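Me: I am new to this structure and would like to understand the terms used to describe it. Could we go through them one at a time?

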Amino acid sequence: MNGTVQKHLATLVANHPELSVCVPDIERAFSLMESGFRRGGKLLIAGNGGSAADADHIAGELMKSFVLPRPVDTLAEKMREIDPVRGAALAEKLQAGLPTVALTQHAALTTAYLNDVAESAPYVFAQQLSVLGKAGDVFLAISTSGSSENILNAAVVAEALEIPVIALTGERGGKLAEVADVAIRVPATETYRVQEYHLPVYHALCLMIEEAFFEQP
């Protein structure tokens, strides 16, 4: 493990000792995410209910500064050349990010698909993934039970597109843990407890990813 990963995993375990069982899988998930971003891929995320909120939360942490400053240096120079005034303002305000798509946020597409295609609810994430996904991407599938049909269907599409699947789930793991490339199974079974553990896990992942791509001041 590199120093950054080791540091954040140590902090995670210090704050939540019960999550020590997840450390090897969190490290593997980090490696998949880092490799995907370095190849120019994006992170696609899906979940239901509270996990849908988590998907959007993760996108928010990766698409802008989380803890470290993220200047847009190369883009800033080009923007200043195009428009010295607006470019200067944009260079000051914009933050660098990592391409992340929460499949839970496309209300018009989702409702149109559900309305137009009979009995389509289990396939709504699969539909989006089949269009947006490409080799080099990574799919983060969040399901507290590991048995959500719409998540499992999306995982099949991801595999067909040669997109690695990271499962963030509960202790039992369900079918999702069996089919995922990496399964982070937090030590809880009740939905709200699983979700409580998911937050520090994905915050640790976001911190590690941020430090891997953006320099500390």
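The turns below deal with a predicted model, starting with its sheet.

Me: What makes β3 and β4 a pair of strands?

Reply: Two strands pair if at least two bridges are found between them, and four bridges join β3 (residues 138–142) to β4 (residues 165–169), so these strands, which run parallel, count as paired. Among the partners, A141 is bridged to A167 and I142 to L168.

Me: Why are β2 and β5 called edge strands?

Reply: The five strands form an open sheet in the order β2-β1-β3-β4-β5, with parallel pairing. In this sheet β2 (100–102) and β5 (182–185) each pair on one side only, and they are therefore its edge strands.

Me: How do you know that β3 is mostly covered?

Reply: A residue is buried if its relative accessible area is under 20%, and five of the five residues of β3 meet that definition, so the strand is described as mostly covered. Both faces are covered, with V138, L140 and I142 buried on one side and F139 and A141 buried on the other.

Me: What packs on the sheet at β3?

Reply: Helix α10 (residues 191–213) touches β3, β4 and β5, and its direction makes about 140 degrees with that of β4. Helix α3 (residues 50–62) lies across β1 (43–46), β2 and β3, running at about 155 degrees to β1.

Me: Why is the crossover from β3 to β4 called right-handed?

Reply: The chain passes from β3 through helix α8 (residues 149–160) to β4. With the strands pointing away from the viewer this path runs clockwise, and therefore the β-α-β crossover is right-handed.

Terms used:
Residues are numbered from 1 along each chain as its sequence is written. This is a predicted model: local features need pLDDT of at least 70, side-chain atom pairs count only at pLDDT 80 or more; totals for chains, interfaces and linings use all residues. Side-chain values use heavy atoms; hydrogens and water are left out. Helices (H or I, at least four residues) and strands (E, at least two) are DSSP runs, numbered from the N terminus. Contact means heavy atoms within 4.5 Å. Axes are lines fitted to C-alpha atoms, for helices over the stretch in contact, and angles run from 0 to 180 degrees between N-to-C directions. Buried means under 20% relative accessible area, exposed over 50%, partly exposed in between (1.4 Å probe, protein chains only).
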